[in-house]
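Thanks, everyone. I would like to spend a few minutes on the aromatic side chains, and then on a patch at the surface.

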Amino acid sequence: MASFALINENNIVIGVLVEQMGVDFLFNTIGVKSVYPNTKIIKQTSYNARIRNKYASIGDTWDELKNAFIIPKPFTDWVLNGVNWEAPKSYPTDGKNYVWENNDWVEFNLK
């Protein structure tokens, strides 16, 4: 079953159509522009992420040059490396659990 991301003029995903029958109805009967008037382009997306980096979600950015959907920037200081956001500091490798907080990795315990 094919899924399609609807992308606006700012290259932001504004909707995802999942069922092929719904896609066919939208495209062939009432027209995608009548339901999603800001749709600029439509790209297929894949649950198993075999195409275009990841399954598209509302709010993702479409990057035409990378042929990929990219999640919104998680923190202001993170940097895009290819199609993934990375912290400016590497995740600690001591086996403990960490979260990104105040521009650094902070240890936390799962209780």
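Let me begin with two residues that you can find on the screen, tryptophan 100 and tryptophan 105, both of which are buried, and please keep in mind that what we are looking at is a predicted model.

How many aromatic pairs does a search of the whole structure find? There are eight aromatic pairs, and I will take two of them in turn. In one, the ring centres of tyrosine 91 and tyrosine 98 lie 5.7 Å apart with their planes at 85°, and because an angle over 60 degrees counts as edge-to-face, that is the class given to this pair. Are the two partners buried or exposed? Tyrosine 98, with a relative accessibility of 14%, counts as buried, whereas tyrosine 91 is partly exposed, its relative accessible area being 39%.

The tryptophans I started with, tryptophan 100 and tryptophan 105, make an aromatic pair that is likewise edge-to-face, with 5.0 Å from centre to centre and 75° between the planes. These four residues also belong to one cluster, in which ring pairs link Phe75, Trp78, Tyr91, Tyr98, Trp100 and Trp105.

Now to the surface, where Val99, Val106, Phe108 and Leu110 make a nonpolar patch of about 320 Å². Of these I would single out phenylalanine 108, which sits in the segment that follows β9, the strand spanning 104–107. Phenylalanine 108 has a relative accessible area of 30%, and so it is classed as partly exposed.

Notes
Residues are numbered from 1 along each chain as its sequence is written. This is a predicted model: local features need pLDDT of at least 70, side-chain atom pairs count only at pLDDT 80 or more; totals for chains, interfaces and linings use all residues. Side-chain values use heavy atoms; hydrogens and water are left out. Rings of Phe, Tyr and Trp (its six-membered ring) pair if their centres lie within 6.5 Å; planes under 30 degrees apart count as stacked, over 60 as edge-to-face and the rest as tilted. Buried means under 20% relative accessible area, exposed over 50%, partly exposed in between (1.4 Å probe, protein chains only). Patches are made of residues with over 30% relative accessible area and no salt bridge: like charges are joined within 9 Å, nonpolar side chains (Val, Leu, Ile, Met, Phe, Trp, Tyr) within 5 Å. Accessible areas come from the Shrake-Rupley method with a 1.4 Å probe; for residues, only the protein chains shown count as cover. A salt bridge is a side-chain nitrogen of Lys or Arg within 4 Å of a carboxyl oxygen of Asp or Glu. Helices (H or I, at least four residues) and strands (E, at least two) are DSSP runs, numbered from the N terminus.
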